Amino acid sequence: RQLRRRWRWRQLVTDTTHMSKYAKYIGGALGWALGGPIGAIMGYAFGSMVGDNTLSVEGGPRQQRPQGGPRRRQTSAGDFAASMIVLSAAVMKADGRILKSELDYVKRFFVSNFGEAQAERYILTLREVLKQQVDGRAVCRQIQGMMEHSKRLLLLQYLYGIAQADGDVDPREVEVIRQMATWLGISAKDVKSIEDVVNMLQRTMQENEALKARLDALEKGAE
């Protein structure tokens, strides 16, 4: 299966028309995420959608695959989105189930940051990536070598948001995210700071739900 994926990705990168469509579909300006493990995963997902006639995209400007060693490059919106999609899949699969609340959270985040049309495309891509086995270590190492530290912190915050999307943070998801943080080169201090904020938000959510339940009970009792 791995050989098949690599072969299919080679087909994609050598087909100018296909690559132009891929680049436009994922957001136009792709840099370092067009290569490496992220590029292979995204390219395979895109190829699956094309093969299934799930999408139709007009050709866009040709994107060049990054050359050379692991130099840190400027992270484009497409690079960031591709990283989010792949790591989202890894976190969502950590507890062995894909929840609607998690997909809803991801979609809301994409809509607020990339717009409705692009969010729909990203969700379609995510659904295909969820069918694949994601090598979290390899993906995180690619991100660590290319993405700025501040954006890696934002990425980690987003992943914790997925974990608490259903109001109940699963320890398996937290374990996966903490491991990703290590691979991403994020310090334990930064991880703790992010988790403190996540835990505070979760407590606030639970308190609001408890308050609403009490108010509902009082209203019913007054009827």
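Is G35 buried or exposed? In this predicted model, G35 is buried, with a relative accessible area of 6%. The residue sits in the loop that runs between α2 (16-26) and α3 (36-51). Along the sequence G35 and Q142 are 107 residues apart, yet in space their C-alpha atoms are 9.4 Å apart.

Stepping back to the whole chain, the fold is built from 10 helices and 0 strands. Read from the N terminus, the order of elements is simply α-α-α-α-α-α-α-α-α-α. Of the 223 residues in the chain, 43% are buried. Contacts reach far along the sequence: taking those between residues at least 6 apart, 81% join residues at least 24 apart. The accessible surface of the chain adds up to about 11900 Å², and carbon and sulfur atoms account for 52% of that.

A second loop residue worth a look is D95, found between α4 (77-92) and α5. D95 has a relative accessible area of 7%, so it counts as buried. Leaving aside residues up to four places away in sequence, D95 touches E102, D170, R172 and E173.

Now for the aromatic side chains. The count of aromatic pairs comes to 7. One of them is F109 with Y158, a tilted pair whose ring centres are 4.7 Å apart and whose planes make an angle of 55°. This pair ties together distant parts of the chain, since F109 belongs to helix α5 (residues 100-114) and Y158 to helix α8 (residues 149-163), 49 residues apart. The two partners differ in how much solvent they can reach: F109 is partly exposed at 22% relative accessible area, whereas Y158 is buried at 2%.

Y158 also pairs with F110. Here the ring centres are 6.5 Å apart and the planes lie at 25°, and because planes under 30 degrees apart count as stacked, the pair gets that label. Once more the link is between distant parts of the chain, with F110 in helix α5 and Y158 in helix α8, 48 residues apart. In this case both residues, F110 and Y158, are buried. Y158 is thus a partner of F109 and of F110. The wider picture is one aromatic cluster made up of Y105, F109, F110, F114, Y122 and Y158.

What about the helix that carries Y158? Helix α8 has 15 residues and covers 21 Å from its first C-alpha to its last, close to the 21 Å expected at 1.5 Å a residue. Besides Y158, the buried residues of α8 are R152, L153, L155, L156, L159, Y160, G161, I162 and A163.

The outside of the model has a greasy feature too. V197, M200 and L201 make a nonpolar surface patch of about 260 Å². V197 lies in helix α10 (residues 188-222). With a relative accessibility of 44%, V197 falls in the partly exposed class, whereas Y158 in helix α8 is buried at 2%.

Terms used
Residues numbered from 1 in each chain as written. Predicted model: local features only at pLDDT ≥ 70, side-chain atom pairs only at ≥ 80, totals over all residues. Heavy atoms only, no water. Phe/Tyr/Trp six-rings, centres within 6.5 Å; stacked < 30°, edge-to-face > 60°. Helix = DSSP H or I, 4+ residues; strand = E, 2+ residues; numbered from the N terminus. Buried < 20%, exposed > 50% of the residue type's maximum accessible area, 1.4 Å probe, protein only. Expected span 1.5 Å × (residues − 1). Patch = residues over 30% accessible without salt bridge, like charges linked within 9 Å, V, L, I, M, F, W, Y side chains within 5 Å. Areas by Shrake-Rupley, 256 points an atom, 1.4 Å probe, with all protein chains shown as cover. Salt bridge = Lys/Arg side-chain N within 4 Å of Asp/Glu carboxyl O. Contact = heavy atoms within 4.5 Å.
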